[in-house]
Amino acid sequence: MRRAFISPAKYVQGENELLNLGYFIKTFGESALLIAHADDVQRVKPKLEHTMKTYGVTLVESGFNGECSRQEVQRLKQLAAEHNCSCTIGLGGGKAIDTAKCVAEGEALIIVPTIAATDAPTSHSAVLYTPEGEFDDYAYFKQSPTVVMIDTTVIANAPTRFLVAGMGDALSTYFEARATSNSYSRVNAGLPCGEQEGVGAAIGTRAALALAKLCYETLLEDGAKAKAACDANLVTPAFENIVETNILLSGLGFESGGLAAAHAIHNGLTALEGTHHYYHGEKVAFTTLVQLVLENASTAEMNEVLQFCVSVGLPVCLPDIGVTSVTDEELRNVAAKACIAEESIHSMPFPVNEDMVVAAIRVADQIGQQFKQKGE
Ligand SMILES: [Zn+2]
C-alpha cells in the first residue's frame, strides 16, 4: 500500500526569531515580497527593519488587500516579478499565509505566523475565496513552505483566545489521524498538486500517527500552563511546547495523518449562523467531542477531553459556539453538509450517515452541558 508524508523543509521557533528573517531571505537572494496585513506589519516593524539592516536585504511591501482571491494572487505575482523578488514571505494570520502560498506555488516561501490559532502554516495547501469573501476552491502545491518561522515573543503578545483556538484545532488531530489510520483512508500528503487526485492516493505513515499522538499528549500536559503564560504575555517552556503543538505537531499530524469526522462536522456547522462569531479551532474542539460520540470512544477518553477543554476554556457544547437553540431540520442540514461525498467524514472506520451525525451532535451537546454543570 502506498504511503506518504509531507513537511516544510525547515521549522524554526524562538524568542525574537524574526530578527533572523533576513538570514533566510539571504539564502534565496537580495529581496523578498512581503505579503502581510498593514496591522501585522506595524506590530513587528522594528524587528523587520533591524533584520533588513543586519543582512542587507530588501522587503517589498505589497499592500495586501486581506483576501486570498485569484485576483489578489495575480496582482501580487506581477508585483514580485516587477521587483525581481527572490522569495515570498507570508506574515500574519491565515489569509496572508494562504495568499503567500498561492503566489509562491511551492517555491522559495517563508511563512511567519503571528498567531498560533490554526495548524495551517506548515501545510502545502491553501483555500481560495472570491473577492467578496465566499469559498472558491482548495489549492495544493508541489511542496510545503520552505521555512516556517515562529517568533514566540510575537505569539505571546497576541490575544490568548488565538492560542486557545489553536489548541482546539490541535485537539482533533490525534482522533482524526487515529480514525484515518484504522480505516486505511488516504491523507492530504499524498495529493501531488490537486489536479489528478487518483495519482496521489496514499495512506498515512507511522511517523504522522506518532506526531499526532504527541500533539494530544502535549495539550494535556502543557495546555493550561501555556494559557496562563499567554495571559501574562510571557514565554515559558510550556508555552513554547504548545506553540510547537498547535503549529508543527498538529500541522504535520493533520496533513500526513488525515482528517475525519471532526473537521467535516465543523464544515457542516458553518451552516448555522450563530457559529460565525467563533474561530475555527473553537468549533473543532466541540466537533472533536461529536466524533468521540460518533465512534463511541471510552468514557475515560471522553472525560479526559472534556476536562482538558474546560481547563483551557474551549467549547464543549452548542451554546459555547453560539447555538442556543437548533431545530432538527437545521441539524439535518448541518449533517448533510458534513456527509457530502468529498468530505473527510468518510475516513471514519465505519459508514456514517446523516442520522448518525444528527444524533452525535445532540448527544455531544448534552454530555458537554452536563459535564459543565457538574463542575459548577
Ligand atoms: Zn483545522
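## Zinc site, helix packing and selected residues

Lys 45 is placed in helix 2. This is a predicted model. Lys 45 has a relative accessible area of 24%, so this residue is partly exposed. Its C-alpha lies 20 Å from that of Val 12, and the two residues are 33 apart in sequence.

Helix 2 spans residues 38–55 and also holds Asp 40. The relative accessible area of Asp 40 is 15%; the cut-off for buried is under 20%, so Asp 40 is buried. Beyond its neighbours within four places in sequence, Asp 40 contacts Leu 91, Gly 92, Gly 93 and Thr 114.

**The zinc site**

Which residues coordinate the zinc ion? Asp 169 does so through OD, and His 263 and His 280 each through NE2, at 2.1 Å. Along the chain, the donors follow the spacing D-x93-H-x16-H. His 263 sits in helix 9 (residues 261–269) and His 280 in helix 10, so the pair ties together parts that are 17 residues apart in sequence.

Are the two histidines buried or partly exposed? His 263 has 9% relative accessibility and therefore counts as buried. His 280 has a relative accessible area of 26%, so His 280 is partly exposed. Water is not among the atoms, so the zinc site may look incomplete.

**Helix 10 against helix 13**

Helix 10 covers residues 280–294, and helix 13 covers residues 354–375. Their axes are 8 Å apart, and the packing angle is about 115°. The two helices are therefore roughly perpendicular. Their crossing is right-handed.

Helix 10 makes this contact with Phe 286, Leu 289, Val 290, Val 293 and Leu 294. Helix 13 brings Met 356, Val 357, Ala 360, Ile 361, Val 363, Ala 364, Asp 365 and Ile 367. By class, the contact has 12 nonpolar residues, no polar ones and one charged.

Ala 364 belongs to helix 13. At 2% relative accessibility, Ala 364 counts as buried. Leaving aside neighbours within four places in sequence, Ala 364 is in contact with Phe 286, Leu 289, Val 290, Val 293 and Val 316. Leu 292 is 72 residues from Ala 364 in sequence, yet 8.3 Å away in space, C-alpha to C-alpha.

Pro 315 is also linked to Phe 286 by contact. Pro 315 occupies the loop between helix 11 (299–312) and helix 12 (328–338). Its relative accessibility is 6%, so Pro 315 counts as buried. Pro 315 touches Glu 282, Ala 285, Phe 286, Cys 309, Asp 320 and Ile 321, with residues up to four places away in sequence not counted. Ala 285 and Pro 315 are 30 residues apart in sequence, and their C-alpha atoms are 6.3 Å apart.

**Helix 6 against helix 7**

Helix 6 (residues 160–182) and helix 7 (residues 206–231) cross at roughly 165°, and their axes come within 9 Å. How are the two helices oriented to each other? Angles over 145 degrees count as roughly antiparallel, so helix 6 and helix 7 fall in that class. The crossing is left-handed.

On the helix 6 side, the contact includes Leu 163, Val 164, Met 167, Ala 170, Leu 171, Tyr 174 and Phe 175. Among the helix 7 residues are Leu 209, Ala 212, Lys 213, Cys 215, Tyr 216 and Leu 219. The residues of this contact divide into 15 nonpolar, four polar and four charged.

**Positive phi in two loop residues**

Asn 16 has phi near 55°, a positive value in a residue other than glycine. Asn 16 lies in the loop between strand 1 (10–14) and helix 1 (21–26). Ala 108 also has a positive phi, of about 40°, although it is not a glycine. Its loop runs between helix 4 (94–104) and strand 5 (109–113).

The table lists the accessibility of these two residues beside that of others described above.

| Residue | Relative accessible area | Class |
|---|---|---|
| Asn 16 | 32% | partly exposed |
| Ala 108 | 18% | buried |
| Asp 40 | 15% | buried |
| Lys 45 | 24% | partly exposed |
| Pro 315 | 6% | buried |
| Ala 364 | 2% | buried |

Definitions and conventions:
Residues are numbered from 1 along each chain as its sequence is written. This is a predicted model: local features need pLDDT of at least 70, side-chain atom pairs count only at pLDDT 80 or more; totals for chains, interfaces and linings use all residues. Side-chain values use heavy atoms; hydrogens and water are left out. Axes are lines fitted to C-alpha atoms, for helices over the stretch in contact, and angles run from 0 to 180 degrees between N-to-C directions. Helices (H or I, at least four residues) and strands (E, at least two) are DSSP runs, numbered from the N terminus. Angles under 35 degrees count as roughly parallel, over 145 as roughly antiparallel, 65 to 115 as roughly perpendicular and the rest as oblique. A crossing is left-handed if the near helix is turned anticlockwise from the far one by less than a right angle, and right-handed if clockwise. Contact means heavy atoms within 4.5 Å. Ala, Val, Leu, Ile, Met, Phe, Trp, Tyr, Cys and Pro count as nonpolar, Asp, Glu, Lys and Arg as charged, and the others, Gly among them, as polar. Donors are N, O and S atoms within 2.8 Å of the metal (3.2 Å for Na, K and Ca); water is not among the atoms, so sites may look incomplete. Buried means under 20% relative accessible area, exposed over 50%, partly exposed in between (1.4 Å probe, protein chains only).
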